[in-house]
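Hi everyone, thanks for coming. Please take a look at the structure on the screen, and then I'll walk you through a few of its side chains.

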Amino acid sequence: MELPVFRYNPNALELEFIEKEETLCPVCKKKREYTYTGPFYSIEDVEGICPWCIADGSAAKKYDGEFQDGTCCEEVEKEGYIEELIYRTPGYSGWQQERWLAHCGDFCAFIGYGRWPEIEPLQEELQKDLHEIMSDYRLNNIDELKKLLSKRSAEGYLFQCLKCGKHRFCIDMW
């Protein structure tokens, strides 16, 4: 059986939020070859959820849980987008509080973690996000941001718009 495709987290397997590891899924009670290892927010401590139970929403429903904190998402045009993201999309792990960026009225796809070498070629495209980051963290210039992202003093998160292809970027620090 092929793994489900997640529009907002298309690299979940490569980023190891989904791992090839046998599990007995607590939701569907089936033996599966893949298990989810990313964040899941619920009262119960749940492990071994299979990607199929994420994709169809049954894991979030069974445990009244979320894969992403909806209050930490940028605004989108349709309520269905937020439901897909928080109930049917694998989350990503951040240092503090994960944010999910949007563009063109929809959530962007999480591409992966970004250090300065990955971000530098996109610097012009990311100019608005980089200036916002520098303002939020009271950085005087791009060299200070570069230093933070090069020395692992901050973690970067790279997204891409599903409609126009534009990249977006945010960070968090300890």
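Let me start with a word I'll use a lot: buried means under 20% relative accessible area, exposed means over 50%, and partly exposed is in between, with a 1.4 Å probe and protein chains only. Two notes on the source: this is a predicted model, where local features need pLDDT of at least 70, side-chain atom pairs count only at pLDDT 80 or more, and totals for chains, interfaces and linings use all residues. Residues are numbered from 1 along each chain as its sequence is written, and side-chain values use heavy atoms, with hydrogens and water left out.

Let's begin with helix α5, residues 127–136. Helices (H or I, at least four residues) and strands (E, at least two) are DSSP runs, numbered from the N terminus. Which residues of α5 are buried? They are Asp129, Leu130, Ile133 and Met134. These four cover an arc of only 135 degrees around the axis, so they sit on the same side of α5; the arc is that of the directions from the helix axis to the C-beta atoms. On the face turned away from that buried side, you'll find the exposed residues Lys128, Ser135 and Asp136. And what covers the buried residues of α5? The cover includes α4, α6 (142–150) and β7. Just after α5, Arg138 has a positive phi of about 55 degrees.

Now to the salt bridges, where a side-chain nitrogen of Lys or Arg is within 4 Å of a carboxyl oxygen of Asp or Glu. How many does a search of the whole structure find? It finds seven.

Asp129, which we just met, belongs to a network of salt bridges with Glu74, Arg99 and Arg168. Within this group, Glu74 and Arg168 meet at 2.9 Å, N to O. Glu74 is in the loop between α2 (58–63) and α3 (79–88) and Arg168 is in strand β7 (residues 167–173), so this pair ties together parts 94 residues apart in sequence. Glu74 is partly exposed at 24% relative accessibility, while Arg168 is buried at 10%.

Another salt bridge joins Asp106 to Arg7, with the closest N and O atoms 3.2 Å apart. Because Asp106 lies in strand β4 (residues 106–107) and Arg7 in the segment before β1 (18–24), the pair links parts 99 residues apart in sequence. Asp106 is buried at 2% relative accessibility, and Arg7 is partly exposed at 35%.

Finally, Glu155 and Arg115 form a salt bridge at 3.2 Å, N to O, and both residues are buried.

Note on methods: Contact means heavy atoms within 4.5 Å.
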